[in-house]
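Subject: Handover of a protein structure

Dear colleague,

I am writing to hand over the structure below, together with an account of what was found in it. Please keep the structure open beside this message as you read.

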Amino acid sequence: MTDITSENGSAKRPFGKSQLVEDLRQLGIKRGDLLHAKVSLRSMGWVEGGARTLLDALVEVLGPEGTLVSDAFIPMYPLPLTHEDAKKISDDNSPTYAGAFCAAMIQHPEMVRSRHPVQKGVAIGAMANDLMLSHSESSPAYEPLQRMALAGGKHLSIDRNVIGVGTTHVAQNLLDLQQKTSPLGINYLDDQGNIALFKINWVGGCAEGFPKFFPLYEKMGGIVARGNVGKADSVITDMKKTLEIELDKLEKDPAFFLCDNPGCIQCRLTWAFSTGKAPVVYLVRFMKSMRQKSPLALWRSVSNWFARRRST
Ligand SMILES: [Zn+2]
């Protein structure tokens, strides 16, 4: 194992696979578990071999009876598609925007990718075929996560500040919460091998608001365990429990997950239950952008504005 010497002279060592296996077992992950993982690799500190080492450690702990799932989703493009965007065809190998760990999962020889054109989860292990191959363009976007919740799945966040525990979007969509979304889509190959256009048919949400559920998970038994994986403060949640907590809360108060930022367009303006007024939201955003400018840039913006007024 490589050693480096830190600034204060003490030896620093990377986390290797055997240490990560020990951390994951200590956290309570067992052989045969059905596990959904969200990973911030950066928060783990120095991992020898990076994402692949963590992936190998998880696969070893879960064993062949277990299943590992992650959200290797892919981007969509504004509709109508431009000539360039129309050439991007979704397939099993489409790169994900979801970070290094999901990218490593896509490279794994035993991975199975979801057949959904956009929310292309990835899985390795006993239930991988079952969860991923039935998830297609006609399925609900978050169907594999809903099925995991019903099958006793656990969610692992490495680190705990990673947004979401895998079930909040399932709850939003089961409750049919309505949001105005931008028209987005991507081309994919249908069952006959023809190019077809897929259009977004689910709602999203602002990442700032989702952590509001955490105190509820704590209070109502959604949290199974806490501990470190590498240096990352990590948490395991019970997917069935977190889904029940979210459904219960959002049924009574659908606006619960909205963030508190008065300039957030998503939360203040796009939901059926958003109560913001567009002029106020845009004024708040304008004021904020002005505050973030240096005095010189601010002076230039103001003098440009006066110059434009004089010329009209
Ligand atoms: Zn927001």
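The notes that follow go from the whole chain to the packing of particular helices.

**The chain as a whole**

Please bear in mind that this is a predicted model. The mean pLDDT of the protein chain is 91, and 96% of its residues reach 70 or more. Residues 1-10 call for caution, since pLDDT stays under 50 there. For this stretch the model has 10 contacts beyond four places in sequence.

The chain has 312 residues, of which 33% count as buried. Its secondary structure consists of 12 helices and 13 strands. Along the principal axes, the C-alpha atoms fill a box of roughly 70 × 60 × 45 Å. Among contacts with a separation of 6 or more, 68% join residues that are 24 or more positions apart.

**Helix α2 and its two partners**

Helix α2 covers residues 51-62, and its packing with α1 and with α4 is described here in turn.

Helix α1 (residues 17-26) packs with α2 at an angle of about 50 degrees, the two axes being 9 Å apart. The pair is therefore described as oblique. The crossing of α1 past α2 is right-handed. On the α1 side, the contact is made by Lys17, Leu20, Val21, Leu24 and Arg25. On the α2 side, Thr53, Leu54, Asp56, Ala57, Leu58, Glu60 and Val61 take part. By class, these residues comprise seven nonpolar, one polar and four charged. A general point helps in reading such lists: an α-helix has 3.6 residues a turn, so residues three or four places apart point the same way.

How do the axes of α2 and α4 cross, and at roughly what angle? Helix α4 spans residues 100-107, and its axis comes within 9 Å of that of α2, with a crossing of roughly 65 degrees. The two helices are therefore roughly perpendicular to each other. Here too a right-handed crossing is found, as α2 passes α4. The residues in contact are Ala51, Arg52, Leu54 and Leu55 of α2, together with Ala100, Phe101, Ala103, Ala104 and Met105 of α4. This contact holds eight nonpolar residues, one charged residue and no polar ones. Leu54 of α2 is listed in the contact with α1 and again in the contact with α4.

**Helix α6 and its surroundings**

Which residues of helix α6 (residues 143-150) are buried? They are Pro144, Leu145, Gln146, Met148 and Ala149. These buried residues pack against two strands, β3 (34-39) and β4 (67-70), and against the helices α5 (128-133), α7 (168-174) and α9 (239-252).

With α9, helix α6 packs at an angle of about 110 degrees, and the axes are 7 Å apart. The two are therefore roughly perpendicular to each other. In this case the crossing is left-handed. Met148, Ala149 and Leu150 in α6 meet Met239, Lys240 and Leu243 in α9. Five of the residues in this contact are nonpolar, one is charged and none is polar. Met148 and Ala149 are thus buried residues of α6 that also belong to its contact with α9. After α6 comes Gly152, whose phi is positive, near 80 degrees.

I would suggest beginning with α2 and then turning to α6.

Yours sincerely

Key. Residues are numbered from 1 along each chain as its sequence is written. This is a predicted model: local features need pLDDT of at least 70, side-chain atom pairs count only at pLDDT 80 or more; totals for chains, interfaces and linings use all residues. pLDDT is the predictor's confidence in each residue, from 0 to 100. Two residues are in contact if their C-beta atoms, placed from the backbone, lie within 7 Å. Axes are lines fitted to C-alpha atoms, for helices over the stretch in contact, and angles run from 0 to 180 degrees between N-to-C directions. Helices (H or I, at least four residues) and strands (E, at least two) are DSSP runs, numbered from the N terminus. Angles under 35 degrees count as roughly parallel, over 145 as roughly antiparallel, 65 to 115 as roughly perpendicular and the rest as oblique. A crossing is left-handed if the near helix is turned anticlockwise from the far one by less than a right angle, and right-handed if clockwise. Ala, Val, Leu, Ile, Met, Phe, Trp, Tyr, Cys and Pro count as nonpolar, Asp, Glu, Lys and Arg as charged, and the others, Gly among them, as polar. A residue is buried if 20 or more other C-beta atoms lie within 10 Å of its own, exposed if 12 or fewer, and partly exposed in between; C-beta atoms are placed from the backbone.
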